[in-house]
Amino acid sequence: MKFIDEAVIQIYAGKGGDGVASFRREKYIPKGGPDGGDGGRGGSIFAVADRNINTLIDYRFARIHRAKKGQNGQGSDRYGKSAEDIVLRMPVGTIIKDIITDETIADLVHDQQKILLAKGGSGGIGNLHFKSSTNRAPRQFTHGEPGQEFELKLELKVLADVGLFGMPNAGKSTLIRAISAARPKVADYPFTTLQPNLGVIRVDHNRSFVMADIPGLIEGAAEGVGLGHQFLKHLTRTRLLLHVIDMTPLNVETDLVHEAQALVKELQKYDESLFQKPRWLVLNKTDMMPEQERDELCRQFVDKLEWQENYFIISALTGEGCKHLTYAIMEYLEQHLPSQPDSSIPEDELLNQC
Ligand SMILES: Nc1nc2c(ncn2[C@@H]2O[C@H](COP(=O)(O)OP(=O)(O)OP(=O)(O)O)[C@@H](O)[C@H]2O)c(=O)[nH]1
Ligand SMILES: [Mg+2]
């Protein structure tokens, strides 16, 4: 299914049914009292986060959602039936904004989280309720209230603890396959991955984290080269970025240092706060380097980058170094808990998105 992470929808909650003015008319009861019932409530519109959905594509096709009107009240004390509510199911990670005010109405971070988006109008009151000691035969009734209406922007930003980024073909998807149950496509051509994939990395039975693999990024992405910047938003809610680098590119002339710096500049061009996020280097495909030179070559590379922080030498293909990397990530995440706990969600809620 096509991955869509933005949509605009219009929602119209139902109007309440009108109350009614009616009088009891029965044989042998000449002057029956008022018996007009109230109108039913109009249908409301809710959003519910559903872990089985990972795209907003449905909302590209169905943009207008209109709940039904409540039934009018009737004579003989009969109340109108309330209209059914509409429930819009959306992926976990969907942010819902009012298009006019740009205000965030909801951030669906937990599976089955339910939010009222537009309230159905209350039903009008029938004349039954206007009866009093001074007015035994009221003719008043009220109309149902209108339902709320909004135009909303839906934006999906996947929720993950760790985000992978790197050049196409660097081995990002191979890495997520090696350490989680996620099964994104892997192939030896660029731009194999065309949508974010999430994987749950289980370090031991009660410690795990969620990792996002996004499509490859290349120099000039800000100007739209390759797939552009469009997928970087899916890294904005992560707590740690892993920059995956292919240490043995097919083209031996590749300037790895320049390439790595250029990608980081792309992050910065997209969003300064993404650039400021903690970032580690993951030097991949090292199984193709001569073993005796491997560590030295990697060290020279990080030196040229003037990289003093964490770097990991791995082979996503053979799995070498991957366990050490996952433990280091887990420890880091445990030591740097999110300031807003709501920005991460229980991992089992994300499994479907793998
Ligand atoms: N030898 C070796 N090959 C690897 C390693 N990791 C990945 N590959 C190969 O590199 C190619 C690209 O791997 P992917 O995992 O699809 O790369 P990607 O970074 O996800 O690529 P895009 O989705 O296009 O951005 C595949 O042929 C993999 O088998 C590794 O550690 N060693
Ligand atoms: Mg990939």
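# A tour from ligand 1 outwards

Start with ligand 1 and the side chain of D287: a nitrogen atom of the ligand is 2.7 Å from an N or O atom in that side chain. The protein covers 91% of the 650 Å² of accessible area that ligand 1 has on its own. Everything on this tour belongs to a predicted model.

**Stop 1: around ligand 1**

Keep ligand 1 selected and show the residues around it. There are 24 in this shell, and the closest are K172, T174, F191, T193 and D287. Pick K172 next: an N or O atom of its side chain is 2.7 Å from an oxygen atom of ligand 1. Then pick T193, where a side-chain N or O atom is likewise 2.7 Å from an oxygen atom of the ligand.

Which helix gives the most residues to the shell? Colour α2 to see it, since α2 contributes three residues, the most to this shell. If you display pockets on the protein, the space taken by ligand 1 is the largest pocket.

**Stop 2: the magnesium ion**

Select ligand 2, a magnesium ion, and look for its protein donors. These are OG of S173 and OG1 of T193, at 1.9 to 2.1 Å from the ion. S173 is in helix α2 (residues 172–179) and T193 is in the loop between α2 and β10 (197–204), so the pair ties together parts that are 20 residues apart in sequence. Are these two residues buried or exposed? Both S173 and T193 are buried. T193 has already appeared at the previous stop, as its side chain also has an N or O atom 2.7 Å from an oxygen atom of ligand 1.

**Stop 3: H229 and its contacts**

Move to H229, in the loop between β11 (207–213) and β12. H229 counts as buried because its relative accessibility is 14%, under the 20% cut-off. What does the H229 side chain reach? One partner is the backbone nitrogen of A222, at 3.4 Å. Now add E266 to the selection: its side chain and that of H229 are joined by a polar contact of 3.1 Å.

**Stop 4: strand β12**

Follow the chain into β12 (residues 240–246) and select I245. This residue is buried, with a relative accessible area of 6%. Add L267 and draw a line between the two C-alpha atoms: I245 and L267 are 22 residues apart along the chain, and the C-alpha separation is 15 Å.

**Stop 5: two positive phi angles**

Go next to D102, in the loop between β5 (94–98) and β6 (104–107). D102 is not a glycine, yet its phi is positive, near 65°.

Continue past β6 to Q112, in the loop between β6 and β7 (114–118). Q112 is not a glycine either, and has a positive phi of about 70°. How exposed is Q112? With 45% relative accessibility, Q112 counts as partly exposed.

**Stop 6: E149**

Finish at E149, in strand β8 (residues 149–156). E149 counts as exposed because its relative accessibility is 52%, over the 50% cut-off. Select H65 as well and compare the two positions. Along the sequence E149 and H65 are 84 residues apart, while their C-alpha atoms are 9.9 Å apart in space.

Note on methods
Residues are numbered from 1 along each chain as its sequence is written. Chains are lettered from A and ligands numbered from 1 in the order in which they are written. This is a predicted model: local features need pLDDT of at least 70, side-chain atom pairs count only at pLDDT 80 or more; totals for chains, interfaces and linings use all residues. Side-chain values use heavy atoms; hydrogens and water are left out. Donors are N, O and S atoms within 2.8 Å of the metal (3.2 Å for Na, K and Ca); water is not among the atoms, so sites may look incomplete. Helices (H or I, at least four residues) and strands (E, at least two) are DSSP runs, numbered from the N terminus. Buried means under 20% relative accessible area, exposed over 50%, partly exposed in between (1.4 Å probe, protein chains only). A residue is near a molecule or strand if one of its heavy atoms lies within 4 Å of it. A polar contact is a pair of N or O atoms within 3.5 Å; within protein, one must be able to donate a hydrogen and the other to accept it, and residues adjacent in sequence count only if both atoms are side-chain atoms. Accessible areas come from the Shrake-Rupley method with a 1.4 Å probe; for residues, only the protein chains shown count as cover. On a 1 Å grid over the protein atoms alone, a cavity is a set of points where a 1.4 Å probe fits but cannot get out, and a pocket is an open set with protein on both sides within 12 Å along at least five of seven lines; lining residues have an atom within 4 Å of a point. A molecule sits in a cavity or pocket if more than half of its atoms lie within 2 Å of its grid points.
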